[in-house]
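Ready for some practice at reading a structure? Take a look at the sequence and the model, then work through the exercises.

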Amino acid sequence: MGAEGEERIELHRGDPEAEARMRALSSPLRLRVLRLCAFESRTNKELAELLDVNPGTMLHHVRTLVQTGYLAAEAERTGAQGAREVPYRATGLSWRTSMPGGSAVLIETFLQQIQSVDPDDLDATWLGLKLTPEHREEFQQRLYDLVNEFKERGPDPGGDTYSFFSTLHPDENPSADR
């Protein structure tokens with residue numbers, strides 16, 4: 001469940017629209033585009049430069065995200081040399097969309113994102129827990145609710161941008177009494 005009254009969109013194989021959305025979210029590059037367009041609009045050229053990608057390749061990825069509803073074109077503007085530019089902004093749909101089998105893509109994207117981050121600027125937490133299924137579900141829901149609360153507030157004017165990544169997974173750590 002997303003924000004109050006907002007349903008999470010579950011994607012299921014076999015549905016053409018869902019298949020297109022799953023493919024759109026299966027690319028680390030496209031996920032990085034969504035992050036870059038989360039708080040400000042960016043043109044295809046700006047995205048290509050920021051991600052060091054050929055503009056033609058970037059255009060393909062941008063179009064895929066637009067066609068699946070993850071990016072929206074904003075009003076055209078005039079660029080530096082008078083060229084027509086179309087800025088794009090993330091719609092927030094990716095936040096509400098499930099990603100069946102997408103964890104590996106998220107991890108790969110996260111690793112790409114932090115390649116140039118100073119190790120002193122990374123604040124990582126790794127915690128082992130032993131939970132019943134009910135408490136695991138409660139933990140997941142409370143964490144999702146907290147993250148969603150901050151997401152729904154919108155960006156703080158004048159705030160700095162941060163990225164948050166969390167994963168919950170079974171730990172291959174058998175009990176000593178086994």
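Below are three exercises, each with a worked solution.

This is a predicted model, where local features need pLDDT of at least 70, side-chain atom pairs count only at pLDDT 80 or more, and totals for chains, interfaces and linings use all residues. Residues are numbered from 1 along each chain as its sequence is written, and side-chain values use heavy atoms, leaving out hydrogens and water.

**Exercise 1.** Find out how F110 and F165 are arranged as an aromatic pair.

*Solution.* Start with the ring centres, which lie 4.4 Å apart; rings of Phe, Tyr and Trp (its six-membered ring) pair within 6.5 Å. Next, take the planes: they are 15 degrees apart, so F110 and F165 are stacked (under 30 degrees; over 60 is edge-to-face, the rest tilted). Finally, place the partners: F110 lies in helix α6 (residues 103-114) and F165 in the segment after α7 (133-153), so the pair links parts 55 residues apart in sequence. Helices here are DSSP runs (H or I, at least four residues), numbered from the N terminus.

**Exercise 2.** Which side chain of opposite charge is nearest to R32?

*Solution.* First, locate R32: helix α2 (residues 28-36). Then look for E108, the nearest side chain of opposite charge, 8.9 Å away. R32 has no salt bridge, which would take a side-chain nitrogen of Lys or Arg within 4 Å of a carboxyl oxygen of Asp or Glu.

**Exercise 3.** Which element gives the largest share of the largest nonpolar core?

*Solution.* This core has 20 residues. Helix α2 gives the largest share, four residues.

Notes: Helices (H or I, at least four residues) and strands (E, at least two) are DSSP runs, numbered from the N terminus. Buried means under 20% relative accessible area, exposed over 50%, partly exposed in between (1.4 Å probe, protein chains only). Lys and Arg count as positive and Asp and Glu as negative; His and the chain ends are not counted. A nonpolar core is a set of buried Ala, Val, Leu, Ile, Met, Phe, Trp, Tyr and Cys residues joined through side-chain atoms within 4.5 Å.
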